[in-house]
Amino acid sequence: MTHVTSMLETYPKDLGNIDRQKLAECIAACFECAQTCTACADACLAEDMVAELTECIRKNLDCADVCAATGKALSRQTGNNAEVGRALLEACRTACKACGDECAGHAEMHEHCKVCAEACRRCEQACADLLASLG
């Protein structure tokens, strides 16, 4: 059991019809992706060919920020802001796809980009799964 799951289980109010497992998986994937993208951007900066990685760095940092914001917003359950939640999930999917595609293009040369692309794909799927469960 993760801390994300534990926090959702201890929430004092009913979460309604939201799938707690999908929510927990999405929150965890968002925070993991944010960290991975931040670390990948830093690793890109350490590469000798850093000038050729500026697009990758930009997409890493954009993705990290969007994932962190999405994870934070999804962690808040008091009240209802479904429209913003859906918009954030869509934005997160878009950012993860863009970053994952960019990193995949560098994956054969840079192992950190391979790891980052995998984290982006996982987060993109977790956002899609949660969106689908929301109806």
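## Salt bridges and a buried threonine

Lys97 and Asp101 sit four residues apart in helix H4 (residues 82-104), so about one helical turn separates them. The model is predicted. In it, Lys97 and Asp101 form a salt bridge, with their closest N and O atoms 2.8 Å apart. Lys97 is partly exposed, at 41% relative accessibility. Asp101 is also partly exposed, at 36% relative accessibility.

Asp101 has a further partner. Its side chain meets that of Arg121 in a salt bridge of 2.7 Å, N to O. This pair links distant parts of the chain: Asp101 belongs to helix H4, Arg121 to helix H5 (residues 111-134), and their positions lie 20 residues apart in the numbering. Arg121 counts as partly exposed, with 33% relative accessibility. Salt bridges with shared partners join Lys97, Asp101, Arg121 and Glu124 into one network.

Helix H3 has a salt bridge too. There, the side chains of Lys59 and Glu55 meet at 3.6 Å, N to O. Lys59 and Glu55 are four residues apart in helix H3, which means that about one helical turn separates them. Lys59 is partly exposed, with a relative accessible area of 24%. Glu55 is partly exposed as well, at 42%.

How many salt bridges does the count come to? The count comes to eight. Three of them are set out here.

| Salt bridge | N to O distance |
|---|---|
| Lys97 and Asp101 | 2.8 Å |
| Arg121 and Asp101 | 2.7 Å |
| Lys59 and Glu55 | 3.6 Å |

Now to a residue with another setting. Thr70 lies in helix H3 (residues 54-75). Is Thr70 buried or exposed? Thr70 is buried, because its relative accessible area is 0% and buried means under 20%.

What does Thr70 touch, leaving out residues up to four places away in sequence? Its contacts are Cys30, Leu88, Leu89 and Cys92. Leu88 also offers a backbone oxygen, which lies 3.5 Å from a polar atom of the Thr70 side chain.

In short, Thr70 is buried, whereas Lys97 is partly exposed. Asp101 pairs with Lys97 and with Arg121. Helix H3 holds both Thr70 and the pair Lys59 and Glu55.

Methods: Residues are numbered from 1 along each chain as its sequence is written. This is a predicted model: local features need pLDDT of at least 70, side-chain atom pairs count only at pLDDT 80 or more; totals for chains, interfaces and linings use all residues. Side-chain values use heavy atoms; hydrogens and water are left out. Helices (H or I, at least four residues) and strands (E, at least two) are DSSP runs, numbered from the N terminus. Buried means under 20% relative accessible area, exposed over 50%, partly exposed in between (1.4 Å probe, protein chains only). A polar contact is a pair of N or O atoms within 3.5 Å; within protein, one must be able to donate a hydrogen and the other to accept it, and residues adjacent in sequence count only if both atoms are side-chain atoms. Contact means heavy atoms within 4.5 Å. A salt bridge is a side-chain nitrogen of Lys or Arg within 4 Å of a carboxyl oxygen of Asp or Glu.
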